[in-house]
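Work through the exercises below with the model in view. Each task is followed by a solution in steps.

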Amino acid sequence: MAAYAALLSLKQTIDGLSKSTHISIIQNSSVQIIQHLYEEVRSLRDVLSKLDAVSIKSISERVNAVDEEIRDAVSKFEDAVDFHVSDQLLTQLSDDQERRNNGEDDHGINCRRHPPLSLSVDLQELNHDVHSFAQTLNKLKQDYVEALSCTPEEEEEVDFVAPSRFNGRFNQSKKMVGLSDQFTEIRDHLTTNNINLRLTLWGMAGIGKTTLAEKLFQDPLLSSRYDIRAFVTLGPKCRLEDIYLDILKQVDPNIDDDGSKIMLTIIEAGEDRMHGLKRMINERLQDRKFFIVLDDVWDEGILNLDSFEAYTVTSHVLLTTRLKNVAEVSWYCNVRFLDKKESWELLRFKVFDEMPCPPELEKAGKKIAENCDGLPLTIVTVADTLSEADRTVEYWNNVAVDEKKTIIMDAYAQMYKVLYPSYNYLSQFLKPLFLYMGIFPQNCEITYSRLYKLSHAEGIIQLDKVSSEDYFQDLVFYSLAVVHKTGFKGQIKLTNLHSSFWYLCNIEARKSKFFYGLNFLADGLAEEDLKNQRRLCIRNNVLFGIKETHDSMASISAARSLLCTGPYHQYPVRICFGLMLLRLIDALTIRFYEFPMEVVKLVQLRYFALTYDGMLPASISKLWKLKWLIVSRHLSIVKSAGTPSYLPMEIWDMKEVEHIQVMGSDLPDPCEGSPILHLYTLLDVSTHSCTEGVLKKLPYLRKLGIRIELSPDEDVVEPLCCFDHISCLDHLEALKCVIVNPKIMSEIVAPPVTLSTLSSNLVRLTLSGLGYPWEEMTKISSLPYLRVLKLLCYAFRGPKWQVRQDEFPKLDYLLIEDTDLVLWTIEDGYRLDSLVWLTLKQCYKLEEIPMKFSERLEKIELVDCNPMVVTCANKLKQKGPYYMF
């Protein structure tokens with residue numbers, strides 16, 4: 001809901017004031033205002049969370065209307081706070097700069113002269129706004145609770161969809177196109193398992209679960225096996241009583257009325273209605289073989305196998321659902337998308353039936369089918385439109401090459417009512433995250449790391465109760481997000497929204513003023529739609545260069561985020577940096593030739609990412625609230641190896657910063673001042689950032705990424721001395737050290753330098769191009785908490801490696817890529833019991849895999865390896881069901 005997203009934003013504003021190390025709240029009344037606001041936030045959050053506890057059928061238009069009123073009230077108040085605070089901070093920064101300009105401003109070469117500025121905020125002038133806001137919220141909270149308490153009877157009759165029944169009314173001639181492999185797999189399960197079995201078809205809306213279930217229900221081979229069959233469609237607004245009644249009417253052919261007589265009989269007998277229906281069902285199923293299909297299940301507790309106490313062997317219950325928590329209680333099949341061939345065949349069949357497609361339309365038709373992204377419901381809806389239109393080459397070609405995909409978008413609009421329940425079912429804290437995935441262009445594959453950083457910076461995910469990955473996994477489990485790549489233990493690496501849900505996401509985001517996407521010129525000229533939008537998502541960076549759209553975007557004074565998520569644009573454009581309340585700027589897809597100095601006036605900025613090849617100015621330190629600083633380099637620019645480039649000394653004044661990733665620039669040695677206690681991630685630095693002086697000022701660093709670029713005549717020994725200081729990082733959990741241009745041509749393996757003792761708290765370690773002998777592995781294998789080890793591009797060299805007793809006590813995942821290793825053995829009497837996943841890539845010389853693994857080994861992944869290694873993997877696979885590759 002929109003109100004919950006606005007509440008998260010307001011909480012972030014309050015946190016920024018109360019938890020800042022640079023900002024002090026003056027006057028007791030201001031402190032009391034902060035406390036009062038926290039109380040209001042908690043109270044409103046509790047009220048909004050009540051929505052998650054009610055049945056989905058109770059969510060009325062009245063609830064949505066009150067939700068929008070709360071959103072507007074919260075956003076309006078937050079604007080007042082942010083403008084008031086920004087004015088005070090800008091005044092103080094301006095005064096400080098004037099003092100510096102009029103006085104001595106000699107920072108010297110190595111050390112800064114001026115201490116960091118301490119800022120103060122007085123909120124007394126907002127006292128009236130706070131009380132007015134509280135009064136408004138009190139009334140709206142009451143309205144919200146009253147709206148939630150509406151009984152289903154108060155809703156419109158059309159909102160309730162009763163279960164549908166089979167009664168032989170399926171179209172027997174209906175042809176299922178595609179998914180034949182999954183149909184065969186499920187049918188085999190049903191015919192070969194002679195025990196009671198519950199199966200579930202799981203997948204997103206419109207993917208073909210119901211069609212697959214119908215074909216299984218009608219299949220002659222299956223139908224002949226059962227005495228009784230029933231097919232019931234539930235939906236999100238079903239009633240258990242109606243489900244039982246519908247099943248009863250299907251399993252007893254003598255019952256042909258509306259069920260009123262049955263209910264009357266139960267009531268007259270003084271029996272509980274639910275218990276009576278359940279008893280009557282079981283009486284009719286007694287010692288009978290039955291097949292019951294429950295289509296579109298939304299609640300795993302609404303019906304279970306205990307409801308069919310009289311089941312016999314070979315009786316089966318088949319469910320279809322969009323929710324994985326429903327599917328996981330049984331054997332389940334994740335219904336896949338159609339491939340290109342199946343998509344075209346379905347489109348062709350729906351348009352031309354059994355007739356062939358005219359050859360002149362086939363090329364365009366295949367492109368149209370491909371644009372449907374493998375979703376059967378989209379294909380069928382588009383086919384309906386094509387069937388009614390002119391079947392001319394010109395028309396079909398125009399549809400195929402339409403950049404805006406008008407016919408697809410029209411199909412999604414028609415599918416809206418089918419898709420919407422998936423979104424509406426989400427809890428309050430998941431809806432903003434789902435909407436946030438829509439900021440990226442359609443069909444854009446999103447890296448989990450980027451999505452996590454952005455959503456965390458926006459305050460959309462709260463990490464006090466669950467891990468960040470749990471949020472994203474939930475969207476997958478609700479069949480909303482599509483996973484394209486997973487890592488160890490199913491960790492999401494690449495994900496996106498299917499285009500149908502991307503469409504729904506953008507509609508809901510625009511409606512709720514969560515974000516506004518700009519793809520075309522018309523989007524930038526829709527001033528009424530742009531008004532009061534909180535986030536601007538520019539998916540076409542060229543729009544910044546068009547004066548009309550630039551001016552429209554520059555007028556959105558309430559915007560908090562500016563997200564350039566379109567394709568990379570290597571030429572400079574004039575970005576709207578004058579939006580004074582901006583908290584987040586992601587402009588990595590735009591190349592800057594000069595640093596945009598307007599940014600340093602954005603005192604609310606918390607996240608700043610851009611592509612820029614020059615030096616950052618000292619005034620970057622004016623961004624007191626900045627937590628994420630990410631600077632990429634243009635791909636055509638390569639820094640001279642061995643030439644250090646440093647961030648300004650003032651970087652040490654930025655006490656709020658948590659994440660620094662400035663490619664090609666290092667942290668200078670600090671001359672004075674306190675450490676940066678909140679810096680948890682430091683990436684893409686060279687060994688010049690790994691001096692003892694620097695690392696001791698980063699006591700809570702958790703993740704460190706080192707890039708070493710060697711000049712042709714430079715030896716690798718000196719850079720690797722950086723490991724001597726890394727051991728002082730007591731909280732370091734992840735370390736990545738990469739030599740970008742390693743010297744791997746020599747056949748002689750010479751120890752570069754003894755591997756220093758690493759931090760004992762390391763959990764993840766990635767090494768590339770270091771060229772250590774395998775004997776040095778003992779420094780790594782003894783790490784007590786190491787779970788993930790990646791050895792890339794001759795990280796270790798030599799023909800032999802033996803794993804010794806008690807090494808790698810906790811290692812879950814091992815990756816070896818591009819190595820000259822020939823013989824890999826494990827010491828007698830020992831085996832790698834903890835290893836779950838082994839990946840070997842480009843291991844051409846490796847002759848075998850040790851056979852000493854426990855049954856915990858779930859997966860062996862091989863890419864371009866010696867055939868003898870493949871033979872070893874096959875032997876491991878034969879040991880049990882746990883091994884697969």
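**Exercise 1: a strand and its neighbours**

In strand 21, the bridge partner of G705 is K736. The model is a predicted one.

Task: Find which strands pair with strand 21 and in what sense, and decide whether strand 21 is mostly buried or exposed.

Solution.
- Step 1. Strand 20, residues 703-708, is joined to strand 21 by 6 bridges, and the two are parallel.
- Step 2. Strand 22 covers residues 764-768 and also runs parallel to strand 21, with 5 bridges between them. Here A734 has R764 in strand 22 as its bridge partner.
- Step 3. Strand 21 spans residues 734-739, and 5 of its 6 residues are buried. Buried means a relative accessible area under 20%. Strand 21 is therefore largely enclosed by the rest of the structure.

**Exercise 2: a sheet of 3 strands**

Task: Give the strand order of the open sheet that contains strands 9, 10 and 11, and state which strands stand at its edges.

Solution.
- Step 1. Strands of a sheet pair through backbone hydrogen bonds, in either a parallel or an antiparallel way.
- Step 2. The order in this open sheet is 9-11-10, and the pairing is antiparallel.
- Step 3. Strand 9 (446-447) and strand 10 (481-486) each have a single partner strand, so they stand at the edges and one side of each has no neighbour in the sheet.
- Step 4. Strand 10 and strand 11 (residues 492-497) are linked by 5 bridges in the antiparallel sense. K485 is found opposite L494 of strand 11.

**Exercise 3: two packed helices and a core**

Task: Describe how helix 12 and helix 14 pack, then find what L347 touches.

Solution.
- Step 1. The axes of helix 12 and helix 14 (residues 376-388) lie 9 Å apart, at an angle of about 35°. Their crossing is right-handed.
- Step 2. From helix 12, the residues that meet helix 14 are S343, L346, L347, K350 and V351. On the side of helix 14 they meet P376, I379, V380, V382, A383, L386 and S387.
- Step 3. Leaving out residues up to four places away in sequence, L347 touches G365, I368, A369, I379, V382, A383 and L386.
- Step 4. The largest nonpolar core has 122 residues, and L347 is one of those that touch the most other members, along with L294, V382, F434, Y436 and L475. Helix 16 (residues 406-424) contributes the most to this core, with 8 residues.
- Step 5. Another core lies apart from it and holds 109 residues, including I538, L602, L616 and L667.

**Exercise 4: positive phi in two loops**

Task: For D353 and F808, state where each is placed and whether each is buried, partly exposed or exposed.

Solution.
- Step 1. D353 has a positive phi of about 60° and is not a glycine. Its place is the loop between helix 12 (340-352) and helix 13 (359-371).
- Step 2. The relative accessibility of D353 is 44%, so D353 counts as partly exposed.
- Step 3. F808, also not a glycine, has a positive phi near 50°. The loop that holds F808 runs between strand 26 (800-803) and strand 27 (813-817).
- Step 4. With a relative accessible area of 5%, F808 is buried.

**Exercise 5: the whole protein**

Task: How many helices and strands does the protein have, and what share of its residues is buried?

Solution.
- Step 1. There are 27 helices and 30 strands.
- Step 2. Of the 885 residues, 54% are buried.

Terms used
Residues numbered from 1 in each chain as written. Predicted model: local features only at pLDDT ≥ 70, side-chain atom pairs only at ≥ 80, totals over all residues. Heavy atoms only, no water. Helix = DSSP H or I, 4+ residues; strand = E, 2+ residues; numbered from the N terminus. Buried < 20%, exposed > 50% of the residue type's maximum accessible area, 1.4 Å probe, protein only. Core = buried A, V, L, I, M, F, W, Y, C linked by side-chain atoms within 4.5 Å. Contact = heavy atoms within 4.5 Å. Pairing = 2+ DSSP bridges. Axes fitted to C-alpha atoms, helices over the stretch in contact; angles between N-to-C directions. Left-handed = near helix turned anticlockwise from the far one by under 90°.
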